[in-house]
Amino acid sequence: MQPKERILDKASVLFHTQGYNSTGINQIIEEAKVAKASFYQHFKSKEDLCVAFLEWRHEYWFAKLEQFTSDQKDSKLKVLTSFDFLIAMNQKENFRGCSFLNLLSEIPPDNEKVLSVIHSHKSDLRNYFKAEIENELLADHIYLLFESCIIESQLFQSNHLIEQSKKIIQTLIL
């Protein structure tokens with residue numbers, strides 16, 4: 001991996017395991033095995049690294065979601081399969097939760113740079129459901145269930161409420 005990729009990769013792990021505020025630039029530099037000058041060549045600040053990480057995570061996450069649901073041609077089945085995607089991600093990432101919400105809890109409310117990336121990600125997710133479900137109110141309901149499933153599964157380290165939400169959605173859309 002190139003230095004920039006190593007920095008992003010290490011930041012991803014450390015932000016998840018230690019939290020954003022508890023992770024320092026020097027630790028990222030040391031564990032990514034890059035020179036300090038190399039870090040600052042790619043990122044002007046920890047905040048810029050955070051934005052780059054969230055942008056990378058957004059692209060990665062949506063690509064995986066699209067890949068996971070691509071076999072479903074029926075939009076209702078695609079929505080249900082998106083909840084199976086949460087289960088798969090929980091298994092793959094050990095109930096990591098949402099990187100965007102995890103970071104949201106650590107940044108000050110006036111950090112517009114990071115907040116705008118978080119807003120964009122959540123808007124794209126909401127629009128994902130709106131594109132599949134014509135009824136906007138129902139699409140928003142599904143979006144809210146999806147978001148709460150991410151949080152609850154992280155909190156309880158369980159996929160139970162994801163399965164329950166799928167049953168609720170089945171009664172609403174099928």
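What follows is a set of questions and replies on a predicted model.

Me: What makes the span of helix α5 agree with its number of residues?
Reply: Helix α5 covers residues 75-93, 19 residues in total. At 1.5 Å a residue, α5 should span 27 Å. The end C-alpha atoms of α5 are 26 Å apart, which agrees.

Me: What is found at the two ends of α5?
Reply: D74 caps the N-terminal end. A side-chain oxygen of D74 lies 3.1 Å from the backbone nitrogen of K76. The cut-off for a polar contact is 3.5 Å, so this pair qualifies. Just after α5, N94 takes a positive phi of about 55°.

Me: Which residues of α5 are buried, and what covers them?
Reply: The buried residues are K78, V79, L80, T81, S82, F83, F85, L86, I87, M89, N90 and E93. The cover includes α1 (3-18), α4 (46-69), α7 (112-132), α8 (136-156) and α9 (160-173).

Me: How do you know whether S82 is buried or exposed?
Reply: S82 lies in helix α5. Its relative accessible area is 0%. Buried means under 20%, so S82 is buried.

Me: What does S82 touch, beyond residues up to four places away in sequence?
Reply: S82 touches L65, T69, Y128, F129 and F146.

Me: Why is the pair of W61 and F62 called edge-to-face?
Reply: The structure holds 14 aromatic pairs. In the pair of W61 and F62, the ring centres are 5.1 Å apart and the planes stand at 80°. Rings pair if their centres lie within 6.5 Å, and planes over 60 degrees apart count as edge-to-face. Both conditions are met, so the pair is edge-to-face.

Me: How do you know whether W61 and F62 are buried or exposed?
Reply: W61 has a relative accessible area of 8%. F62 has 13%. The limit for buried is under 20%, so W61 and F62 both count as buried.

Me: Which aromatic cluster holds W61 and F62?
Reply: One cluster is formed by W61, F62, F68, F83, F85, Y128, F129 and F146.

Me: Why is F68 called partly exposed?
Reply: F68 is in helix α4. Its relative accessible area is 35%. Partly exposed runs between 20% and 50%, so F68 falls in that class.

Me: What lies around F68 in space?
Reply: F68 and F85 are 17 residues apart in sequence, and 6.5 Å apart in space, C-alpha to C-alpha. Leaving aside neighbours within four places in sequence, F68 is in contact with T81, D84, F85 and A88.

Me: Why is H141 called partly exposed?
Reply: H141 lies in helix α8. Its relative accessible area is 40%. That value is between 20% and 50%, so H141 is partly exposed.

Me: How many residues separate H141 and H160 in sequence, and how far apart are they in space?
Reply: They are 19 residues apart in sequence. In space they are 19 Å apart, C-alpha to C-alpha.

Me: What makes K46 count as a charge over the ring of Y20?
Reply: The charged end of K46 sits over that ring, 4.4 Å from its centre. The distance limit is 6 Å, so the distance condition is met.

Me: What does the UniProt record place at residues 1-61 and at residues 24-43?
Reply: The unreviewed entry places "domain: HTH tetR-type" at residues 1-61. Over that stretch the chain is 77% helix and 0% strand. The end C-alpha atoms are 20 Å apart. The entry also places "DNA-binding region" at residues 24-43. There the chain is 75% helix and 0% strand, with end C-alpha atoms 14 Å apart.

Notes:
Residues are numbered from 1 along each chain as its sequence is written. This is a predicted model: local features need pLDDT of at least 70, side-chain atom pairs count only at pLDDT 80 or more; totals for chains, interfaces and linings use all residues. Side-chain values use heavy atoms; hydrogens and water are left out. UniProt positions are given in the numbering used here, feature names are shortened, and annotations may be inferred rather than shown by experiment. Helices (H or I, at least four residues) and strands (E, at least two) are DSSP runs, numbered from the N terminus. The expected span of a helix is 1.5 Å times one less than its number of residues. Buried means under 20% relative accessible area, exposed over 50%, partly exposed in between (1.4 Å probe, protein chains only). Contact means heavy atoms within 4.5 Å. A polar contact is a pair of N or O atoms within 3.5 Å; within protein, one must be able to donate a hydrogen and the other to accept it, and residues adjacent in sequence count only if both atoms are side-chain atoms. Rings of Phe, Tyr and Trp (its six-membered ring) pair if their centres lie within 6.5 Å; planes under 30 degrees apart count as stacked, over 60 as edge-to-face and the rest as tilted. A charge sits over a ring if NZ of Lys or CZ of Arg is within 6 Å of the ring centre and within 35 degrees of the ring normal.
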